[in-house]
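Here is a set of questions and answers on one protein model. Look at the structure first, then read on.

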Amino acid sequence: MPNIPKEFKRASYAYHLPQHLIATHPINPKENAKLMVYERASGKITHTIFKEIFSFFPKDALVVLNDTKVMKARLFAHTAQKRRVEILLHHAASPTACLAQVRGKVRPGLVLELEQGYSCEVLEVLSDGLRVLGFRHEGKPLEWAKVLGMLELLGHMPIPPYLKRPDTSQDTQDYQSVFAKNLGAIAAPTASLHFSQSAKDHLLKNFKHVFITLHVGAGTFLSVQSEDIREHPMHAEFVEVSFKAGQALDEARYILCVGTTALRATEHYKRGLGLEPCNLFLHPGNPVRAAQALLTNFHLPESTLIMLVASMVGLDKCLELYKIAIEHHYRFYSYGDGMLIL
């Protein structure tokens, strides 16, 4: 095996997390979530709670927010033999076909029955593990807009698999950001979940801000498989930066991104990648260039998200911060506590 530098070895991003520190539900009220603040220039670490976050935001910061909205993208269907099949819908592939993950073996031509007269047919099995599905209602093909309507009726919130529990009606609220507007994500931009309506109101009133849209895809849950992280094929996601938001990003001297998706969208725009889907993989060999600060959660071992954090602070400091978080009993992952990197 070639000698891979430490910062590019997948195994360098592994760490042990005690099971009880995986947050299966959010803290209530949201403002009581723990917050670690790391100031890169001085090395200072502050332990506080989210209620105090705005006292750490630089007054001249442009705050970047992701306004994607999570679809109820998880469906449960059954075959003619009553075998239960789980579907995670991704996005439209054509006017009457959708890309999806389907748990278990399926073949082209298989029809899966849903409730209320809905069904879907497996049209194609792709080499990357995805499936092309065609949805129908009472035998009539459905276009994407009507598929979205069906999801509202039959779908479940696609909470992360590591929560190891079924979704509940409460997740419909908890797993949706107060900034959510544009429907299309199959995972929440989790740093945004820390904001209550009152925190949102305070932010929008007191800080310069822009909204971008990056529809979070299934790749957000995927661990890196290649031993050398530079060989990882990054998933692509829909991104949109309006002309007004682009102007603000171009003029900003200090950019603070709320979440890794807002950061990736910002970097995508600032690197001139325009209307292309965002498949930007930020890691120590491809570090953050445009943003000066990031609010983020604590992420899974060996994930592209912890590698993104390392791209801002360095691998050794990243692992040190995670060790400190574990020692201070921070709660990890989507419903967990947060870290503000300045």
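Q: How much area do domain 1 and domain 2 bury between them?
A: This is a predicted model. Carbon and sulfur atoms make up 74% of the area buried between domain 1 and domain 2. The total is about 360 Å².

Q: Which residues of domain 1 lose the most area to domain 2?
A: Three residues together account for 85% of what the domain 1 side buries. They are L183, I186 and A218.

Q: How many residues of domain 2 are in contact with domain 1?
A: The chain is divided into domain 1 (6-70 + 168-341) and domain 2 (74-154). Their C-alpha centres lie 31 Å apart. On the domain 1 side, four residues are in contact. On the domain 2 side, the number is five.

Q: How many salt bridges does the rule find across the interface of domain 1 and domain 2?
A: The residue pairs in polar contact between domain 1 and domain 2 number zero, counting pairs with both at pLDDT 80 or more. By class, the side of domain 1 that touches domain 2 has three nonpolar, one polar and no charged residues. For salt bridges across this interface, the count is zero.

Q: Why is C120 in no disulfide with C98?
A: A disulfide needs cysteine sulfur atoms within 2.5 Å. C98 holds the closest cysteine sulfur to that of C120, yet the pair is too far for a bond. C120 is also buried, at 1% relative accessible area. The sulfur distance from C120 to C98 is 9.0 Å.

Q: Where is the nearest cysteine sulfur to C278?
A: A search of the whole structure finds zero disulfides. C278 counts as buried, at 0% relative accessibility. The nearest cysteine sulfur to C278 is 12 Å away, in C257.

Terms used. Residues numbered from 1 in each chain as written. Predicted model: local features only at pLDDT ≥ 70, side-chain atom pairs only at ≥ 80, totals over all residues. Heavy atoms only, no water. Domains from an automatic or database assignment. Contact = heavy atoms within 4.5 Å. Buried area = accessible area lost by both parts, 1.4 Å probe. Salt bridge = Lys/Arg side-chain N within 4 Å of Asp/Glu carboxyl O. Polar contact = N/O pair within 3.5 Å; in protein donor to acceptor, adjacent residues only side chain to side chain. Nonpolar A, V, L, I, M, F, W, Y, C, P; charged D, E, K, R; others polar. Buried < 20%, exposed > 50% of the residue type's maximum accessible area, 1.4 Å probe, protein only.
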